[in-house]
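Trainee: Could you take me through the salt bridges of this model, with a close look at the place where two helices meet? I would love one connected account that I can follow on screen.

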Amino acid sequence: MLSINLNSMKQKSLLLGVLATLSIGVMSCATVSQQQEVDMGREYSAQIAQQLPLISDPEVLTYLNVLGDSIARLTARSDLDWHFYLVNSDEVNAFAVPGGYIYVNRGLIARAATMSELAGVIGHEIGHVVKRHSIKQMEKAQGANIGITLGCVLTGVCGTPGAGDAINIGANALFAKFSRADETEADAEGFHYVMRAGIDPNGIVKMFQTLLRERQSRPAGVAAWFTTHPLEEDRIAEVQRLINAVPAAQRTGLTVDSPKYQKFKQRLASLPAAPKTPRQ
């Protein structure tokens, strides 16, 4: 989740109104088809492009999409048109939108020392889409105003004074926090995806360990990640268990890092600094 500074209630009302309009008709039935999911994702992505500071540099976007596609095409939903975006924020986070839209914050990449660490995060987010975690929550909620819910999660408007009546959506923030079961399943899916792509799954463990260490030393730096991705040592232990179950011969030769990834990181670091966006 990325918090955005909205300077006036007028802007907040405008965003909520637009997102609410997008959600009309999406949840007219209890089951969301794949086409509805794709259409929903496309609409959300268009709104996200207007509300979040996205990086448009062709070189870094090409690398991210090549890496993301190399993982997504090996999943059970390779038929989706996958899209990968970079959010120009120093906050550590990543999130997935239904239909195959994956967003990674610049701040997370800064912490990912190797390609395998970033690949593990991307695989995890792809796992949420493949297993339709958000869609399943929507189907359970049925009548919930999903558009307003997304606005709450992406902007933090839900927590602002006086916003309660306007955003009484009658459902949990569906994109804000998946269940522990969903997170564990996405971890396992990400593990299998990176293995299929020939990438070292130890990168998942290393990335999680890095985030846990930073939470202890500088909690504010990774607050957004832990808000949207509950992470404790037992999840790391479960991924490690999956790794240990793979015969050593199959783990030999898996890619940990690459010069292209380091060039990608250097290019990203050379771009203008991320805008300062005070938390809500």
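Mentor: Happy to. This is a predicted model, and the count of salt bridges in it comes to twelve. As a reminder of the principle, side chains of opposite charge can pair when their charged atoms come close.

Let's start with Arg77 and Glu37, whose side chains meet in a salt bridge at 2.9 Å, N to O. Arg77 sits in the loop between helix H3 (58-72) and strand E1 (83-87), while Glu37 belongs to helix H2 (residues 34-51), so this pair ties together parts that are 40 residues apart in sequence. Both Arg77 and Glu37 are buried.

Now move to the part you asked about. Asp187 and Arg235 form a salt bridge through their side chains, at 2.7 Å from N to O. Asp187 is in helix H8 and Arg235 in helix H11, so here the pair ties together parts that are 48 residues apart in sequence. Asp187 and Arg235 are both buried.

Look next at the two helices themselves. The axes of H8 (residues 180-196) and H11 (residues 233-244) come within 10 Å and cross at roughly 30°. Angles under 35 degrees count as roughly parallel, and H8 and H11 are therefore roughly parallel to each other. Their crossing is right-handed. On the H8 side, the contact is made by Arg180, Glu183, Thr184, Asp187, Ala188 and Phe191; on the H11 side, by Asp234, Arg235, Glu238, Val239, Leu242 and Ile243. By class, the residues of this contact divide into six charged, five nonpolar and one polar. You will recognise Asp187 and Arg235 in that list, the two residues whose side chains meet in the salt bridge just described.

Stay on H11 for one further pair. Glu238, which takes part in the contact with H8, also has its side chain in a salt bridge with that of Arg241, at 2.7 Å from N to O. Glu238 and Arg241 both lie in H11, three residues apart, which is about one turn of the helix. What about their exposure? Glu238 has a relative accessible area of 29%, so it is partly exposed. Arg241, with a relative accessible area of 46%, is partly exposed as well. Salt bridges that share partners also build a network, joining Glu37, Arg77 and Arg132. That brings us back to the loop residue Arg77 and its partner Glu37 in H2.

Definitions and conventions. Residues numbered from 1 in each chain as written. Predicted model: local features only at pLDDT ≥ 70, side-chain atom pairs only at ≥ 80, totals over all residues. Heavy atoms only, no water. Axes fitted to C-alpha atoms, helices over the stretch in contact; angles between N-to-C directions. Helix = DSSP H or I, 4+ residues; strand = E, 2+ residues; numbered from the N terminus. Parallel < 35°, antiparallel > 145°, perpendicular 65-115°, else oblique. Left-handed = near helix turned anticlockwise from the far one by under 90°. Contact = heavy atoms within 4.5 Å. Nonpolar A, V, L, I, M, F, W, Y, C, P; charged D, E, K, R; others polar. Salt bridge = Lys/Arg side-chain N within 4 Å of Asp/Glu carboxyl O. Buried < 20%, exposed > 50% of the residue type's maximum accessible area, 1.4 Å probe, protein only.
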